[in-house]
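Here are my notes on this one, in the order I'd go through them at the screen. Have the structure open as you read.

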Amino acid sequence: MTRRLYYDDSYLTEFRAAVLDTNEDRRRVVLQESAFYPSSGGQPFDLGSINGIPITEVQDIGDQVVHLLASPLAGETADCRIDWQRRFDHMQQHTGQHLLSAVIVELFGISTVAFHMGAESSSIELGTPTFDLAQIREAGQRANEVVFENRPVRISYSHASEASDLRKPSEREGTLRIVEIAGLDRSACGGTHVRHTGEIGPIAIRKTEKLRGNTRLEFLCGSRAVQRSRADYEQLNAVAQVFSSTLDDAPGLAAASISRLQDSEKARQKLAGEVAEARGRQLFQDTSPGADGLRRYWNQQASGSFSEEIRREAQSFTAQDKAIYLATSEDPAAVLLAVSPGAGLAAGEWLKPRLTQAGGKGGGNAKMAQGSLPGADLLNAIAEGLGFVSPKV
């Protein structure tokens, strides 16, 4: 059994302990007592070193804290050092989560059903399908007010049968470790926490997303919030410089620019379609009828999918009587077939069985059909079946 020093002192960063157990290669170590926090309750494990050997992972297995080391441990005494920067960051995020969850209950009566602390941000899952912008603003404002009040964060112990006023009932039996934010929250928790809410630093709610009928809320505390705020500023400032504007004006100018680009793209697409239709009509005029009276045009391309312009060109070509328009692509091997009503065949009915027989797939309607083939060597057979005798007629 490992005595967990972090239960009573989250600020302890150096300690000496006896080695209680190891595996054969002495990289898996159990100490008589440990201040290293193992992965548990949504909080990641601590890092640091034992006798100068880096810790790669800390596990919570039964009543033991198991330390995994980068190399074998020598001796039966361990001089331990905790990575304080990582530990304090986790203390800020975890205490911030308690505070934020309690505030959301206080304001909206919405409970937290899950917590996750990531390397860059943390999140809580709220038991509600929606959490709107007004609620985000109110929760963020209230949470930071409690931070600025610098309320005490206390650790106490109580038997499960006697623990009262917990924000979330605990399923554990026996003695519970209670983390209390004065006048706001009491939660059963084994994590590491700061001593006063002021040490949490600023709390920034980033975004929400729907998850299994609930809402996932992403947030940052302390140094993470400061660093993210700086990064956001630098990115927004870069956008403002592009528009030669102030930060406040940049979003509006960006939105206006996007709107103009969208209008320009719509105009381009309309013009490209009109050009394709005109090209199709001209191709029909320039293509001589065959002996059967049909005008055939074969558009061969080396690669790529069939663009909307090609489809418009094909439709325009076959809008005339007795016309067949074939487009093929070698990579990937694909076919597009358009026919006029007077061509004597229905595009989909003609093309689909031939594609299937060749190991491909596709289909369409009477006027236009398309599909894919296993290889480009099969394209000529399709073209020959339609009466094409040269790449372009």
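The points below go through the sheets, then the helices that pack on them or on each other.

1. First, a caveat: this is a predicted model. Please read each point below with that in mind.

2. Let's start with the three-stranded sheet. It is open, its strands come in the order S11-S12-S13, and the pairing is antiparallel. Strand S11 (153-159) and S13 sit at the edges, each pairing on one side only. From one strand to the next, the twist averages 30 degrees. As a general reminder, strands of a sheet pair through backbone hydrogen bonds, either parallel or antiparallel.

3. Now zoom in on the S12/S13 end. Strand S12 (residues 175-181) is joined to S13 by four bridges, and the two run antiparallel. They make a hairpin with three residues between them, and Gly-183 in the turn has a positive phi of about 70 degrees. For the register, Ile-181 stands opposite Asp-185 in S13, while Ile-178 has Ala-188 of S13 as its bridge partner.

4. The two faces of strand S13 (residues 185-188) are worth a look. Asp-185 and Ser-187 make up the covered face, whereas Arg-186 and Ala-188 are on the uncovered one. So which residue of S13 pairs with Ile-178? That is Ala-188, a residue of the uncovered face.

5. What packs on this sheet? H1 does, touching S11, S12 and S13, and its direction makes about 75 degrees with that of S12.

6. H1 also has a helix partner. Helix H1 (residues 84-108) packs with helix H2 (residues 133-149) at an angle of about 120 degrees, the axes being 9 Å apart. That angle is why H1 counts as oblique to H2. The crossing is right-handed. On the H1 side the contact is made by Leu-99, Leu-100, Val-103, Ile-104, Glu-106, Leu-107 and Phe-108, and on the H2 side by Gln-135, Glu-138, Ala-139, Arg-142, Ala-143, Val-146 and Val-147. By class, that gives ten nonpolar residues, one polar and three charged.

7. On to the four-stranded sheet. This one is open too, with strand order S9-S10-S15-S14 and antiparallel pairing. Strand S9 (112-117) and strand S14 (203-211) are the edges, each pairing on one side only. Here the twist averages 20 degrees from one strand to the next.

8. Within that sheet, look at S14 and strand S15 (residues 214-221). They pair in the antiparallel sense over eight bridges. If you want a residue pair to fix the register, Thr-208 has Leu-217 in S15 as its bridge partner.

9. Which helix lies across this sheet? Helix H3 (residues 223-243) lies across S9, strand S10 (122-126), S14 and S15, and runs at about 90 degrees to S15.

10. Finally, H3 and helix H4 (residues 250-286). The two pack at an angle of about 60 degrees, with 9 Å between their axes, which means H3 is oblique to H4. This crossing is left-handed. The contact brings together Leu-236, Val-239, Ala-240 and Phe-243 of H3 with Ala-250, Leu-253, Ala-254 and Ser-257 of H4. Seven of these contact residues are nonpolar and one is polar, with no charged residues. For the H1 contact with H2, recall, the list includes three charged residues.

Technical notes:
Residues numbered from 1 in each chain as written. Predicted model: local features only at pLDDT ≥ 70, side-chain atom pairs only at ≥ 80, totals over all residues. Heavy atoms only, no water. Axes fitted to C-alpha atoms, helices over the stretch in contact; angles between N-to-C directions. Parallel < 35°, antiparallel > 145°, perpendicular 65-115°, else oblique. Left-handed = near helix turned anticlockwise from the far one by under 90°. Contact = heavy atoms within 4.5 Å. Nonpolar A, V, L, I, M, F, W, Y, C, P; charged D, E, K, R; others polar. Pairing = 2+ DSSP bridges. Buried < 20%, exposed > 50% of the residue type's maximum accessible area, 1.4 Å probe, protein only.
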